[in-house]
Amino acid sequence: MFDMVIRNGTVATASDVFKADVAIRDGRIVQVGEALGEAAKVIDAAGRLVLPGGIDSHVHLAQPSGDGIVMADGFESGTLSALFGGNTTVMPFCLQEKGSSLREALTQYHALAEGNCYTDVSFHLIVSDPTPAVLGQELPALVADGYSSFKVFMTYEGLRLNDAQILETMDVARRTGALVMVHCENEDAIRYLIGRHEEAGTVAPKAHATTRPVVVEREATHRALSLAEVVDVPVVIVHVSNGAAIEEIRAARARGLKVIGETCPQYLTLTADDLDGMDWEGAKFVCSPPPRTVEEQANCWRGLETGLFDLYSSDHCPFRYEDDKGKLNPKGRLSFRHIPNGIPGVETRLPILFSEGVMTGRIDLPRFVALIATNHARVYGLEKKGSITVGKDADIAIWDPNETRTIRHAELHDGADYTPYEGLEIKGWPTTVILGGKCMVEDGQLVGAKGDGRYRSRTAPSMPTHAR
Ligand code: URP
Ligand code: ZN
Ligand code: ZN
């Protein structure tokens, strides 16, 4: 007797698509095959797809944002939204504030997550103050404790590291086997362009895009890859938005560097023109790097189709629009410089790629599964997750490929008050979501509870096949 059997569905892994039943016991997948035996609960998935639950490895929740700004999602609303979008694990960032230790930040962050999650969670670190104590003791000890990835920024006042600091942080990764994720934009070049825009009185949201042009991202991507090459360490280039940065990744790989590339839905579906909305509405699309052009969208699609990108994440970083603590904060109403960077997207990430990628024939189902789950599990050391395979956690999303929806924020579950994808027509949606063998969403209705999602420690990162 199994705890659950999902019958008659079409199962997809990162390598195959086949008709099979999936049997679950004690939270794990125990059999995948034909006509499996009796179970306490049976789900008929005829006509539907049985896919691993999404792993969104780039999410910001409850992150301190400074200057009276408050993120729209904590763990409760952020993971609920993720769950309804077909995800079973999200990986938010635990931010080290300057002058504080990473351990302190982690203690506080765990307290926020504990008992509040609808999906499993695992944390990356953000290193903003790489002191000798952090680099010498704290970070290596945290990697040993399963916090095996950290993000560094080349932009943002208060967060950016200089080249020497990036080299030192990468060296910790080299010694410990951790992964460094790099946000590639050249802060000095951005500041120079901001100065020129302000001199000209150009302060509306669209200026966010023109002060962060492709060259600013391309240069920083080249530098990050060069620094990784000097140290001889694998590196993740996050939220890649354009073809020039893609070419940098391709060239670095050709030189033998182990590079993992990530892109996000905003670079496939939005453009800089979206930042040009009436009445400051463009603030709703302010994120970094900014959305680009239709041509750059095509470059990012090619990166997904050809295997250049290993990861497709949301970079969910939600701020409310009509809010003093959000996009329209008192200073943000006056200048693009003060509009908090980031957009919501954890719930719409998978439906957008399914609809625009799989249903249009740009990518096949195995590639979809790799991009949304399997590669994230492998890269970030979530070894029990990311595949419909015997022995893995029973984290499963059952998709109705024929369900059509128009994205409306009113139907989403995050804490923001808008979605940048309002009105986008979608074909295919995850209607049932199972976490560790427990139904969390069944036919579109929440049946799981807050606290069902738990923190998951990680093993060492491992490289995708092309980078071995
Ligand atoms: O604009 C963005 N992407 N905000 C989130 C923080 C980051 O850089 O990933
Ligand atoms: Zn970033
Ligand atoms: Zn981010």
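**Exercise 1. Look at the second largest cavity of this predicted model: what is its volume, and which residues line it?**

Start with the volume: the second largest cavity comes to about 40 Å³ or less? No need to guess, as the computed value is about 30 Å³. Next, walk along its wall, where you'll meet Arg 405, Thr 406, Ile 407, Arg 408, Glu 411, Leu 412 and Trp 429. Finally, sort them by class: three are nonpolar, one is polar and three are charged.

**Exercise 2. How many cavities of 30 Å³ or more does the structure hold, and what lines the largest?**

The count is two. The largest has a volume of about 40 Å³. Its lining includes Ser 81, His 316, Glu 347, Leu 412 and Asp 414. By class, the lining splits into three nonpolar, five polar and two charged residues. Spot Leu 412: it's in this lining, and it turns up in the lining of the second largest cavity too.

**Exercise 3. Which residues are the protein donors of the zinc ion (ligand 3), and what arrangement do the four donor atoms make?**

First, find the donors: His 58 (NE2), His 60 (NE2) and Asp 315 (OD), sitting 2.0 to 2.1 Å from the ion. Then check the angles: the four donor atoms subtend 91 to 123 degrees, so the arrangement is tetrahedral. Now read the spacing along the sequence, which is H-x1-H-x254-D. That brings together distant parts of the chain, with His 58 in strand 6 and Asp 315 in the loop between strand 14 and helix 11, 257 residues apart.

**Exercise 4. Are His 58 and Asp 315 buried or exposed?**

Buried means under 20% relative accessible area. His 58 has 0%, so it is buried. Asp 315 has 7%, so it is buried as well.

Methods: Residues numbered from 1 in each chain as written. Chains lettered and ligands numbered in written order. Predicted model: local features only at pLDDT ≥ 70, side-chain atom pairs only at ≥ 80, totals over all residues. Heavy atoms only, no water. Donors = N, O, S within 2.8 Å, 3.2 Å for Na, K, Ca; no water. Tetrahedral: all angles 85-135°; square planar, octahedral: opposite > 155°, others 65-115°. Helix = DSSP H or I, 4+ residues; strand = E, 2+ residues; numbered from the N terminus. Buried < 20%, exposed > 50% of the residue type's maximum accessible area, 1.4 Å probe, protein only. 1 Å grid on protein atoms, 1.4 Å probe; cavity = no way out; pocket = protein on both sides within 12 Å on 5 of 7 lines; lining within 4 Å. Points joined across faces, edges and corners; volume = space filled by probe spheres on them. Nonpolar A, V, L, I, M, F, W, Y, C, P; charged D, E, K, R; others polar.
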